[in-house]
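Q: I would like to learn how to read a protein model with some care. Could we go through it together, one feature at a time?

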Amino acid sequence: DRAGRPVPADARDAASLYALAYGRGLVRAGIRTQPGDLVFLADRPGGGPAHVGLVARVDPDGTALLIHRMARGVVRLRVNLGYPGRIADPATGKRLNDALALGAVAVPAGSLVVAVASPP
């Protein structure tokens, strides 16, 4: 809202924002993101949208830096949709996806991506 793009009052969580973006035809397929895109994340692989992050930057290899608001503040999260199941590139060691704790198991953030939406 503060950025000049007001959303309906009932679109205040990840699932309702996803439904709004989908209904407006803004959800797209593909593995490349760009700054300003919204990335919807699940709480578990295969789950529905429970979180949403804003793409702040994209590295040349496609790794996106998301800004994600949580109860403890804003966190940065690396996500690479080209390699959703890998934490790091085995050849270079560069981090592709941050590891997120799901109970006692760490999963790559890319494996939790539900969809990407680009603003009009």
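Q: Before the rest, with which residue does aspartate 98 form a salt bridge?

A: A salt bridge is a side-chain nitrogen of Lys or Arg within 4 Å of a carboxyl oxygen of Asp or Glu. Here aspartate 98 forms one with arginine 78, and the closest N and O atoms are 2.5 Å apart. Aspartate 98 lies in the loop between strand 5 and strand 6 while arginine 78 is in strand 5, so the pair ties together parts that are 20 residues apart in sequence. Please keep in mind that this is a predicted model, in which local features need pLDDT of at least 70 and side-chain atom pairs count only at pLDDT 80 or more, whereas totals for chains, interfaces and linings use all residues. Residues are numbered from 1 along each chain as its sequence is written, and side-chain values use heavy atoms, with hydrogens and water left out.

Q: Is aspartate 98 buried or exposed?

A: Buried means under 20% relative accessible area, exposed means over 50%, and partly exposed is in between, using a 1.4 Å probe and protein chains only. Aspartate 98 counts as buried at 13% relative accessibility, whereas its partner arginine 78 counts as partly exposed at 34%.

Q: Which residue forms a salt bridge with aspartate 37?

A: Aspartate 37 forms a salt bridge with arginine 28, with 2.5 Å between the closest N and O atoms. Aspartate 37 is buried, at a relative accessible area of 1%, while arginine 28 is partly exposed, at 27%.

Q: Which residues are linked in a network of salt bridges?

A: The network links Arg57, Asp59, Asp61 and Lys94. Within this group, aspartate 61 forms a salt bridge with lysine 94, the closest N and O atoms being 3.1 Å apart. This pair links distant parts of the chain, 33 residues apart, since aspartate 61 is in the loop between strand 3 and strand 4 (64-70) and lysine 94 is in the loop between strand 5 and strand 6 (99-102).

Q: In what order do the six strands form the open sheet?

A: Strands of a sheet pair through backbone hydrogen bonds, either parallel or antiparallel. Strands are DSSP runs of E, at least two residues long, numbered from the N terminus, and two of them pair if DSSP finds at least two bridges between them. In this model the order is 1-8-2-3-4-5, with antiparallel pairing. The edge strands, strand 1 (27-28) and strand 5 (73-79), each pair on one side only. Strand 2 (residues 38-41) and strand 8 (residues 113-117) pair over four bridges, and phenylalanine 40 stands opposite alanine 115 in strand 8.
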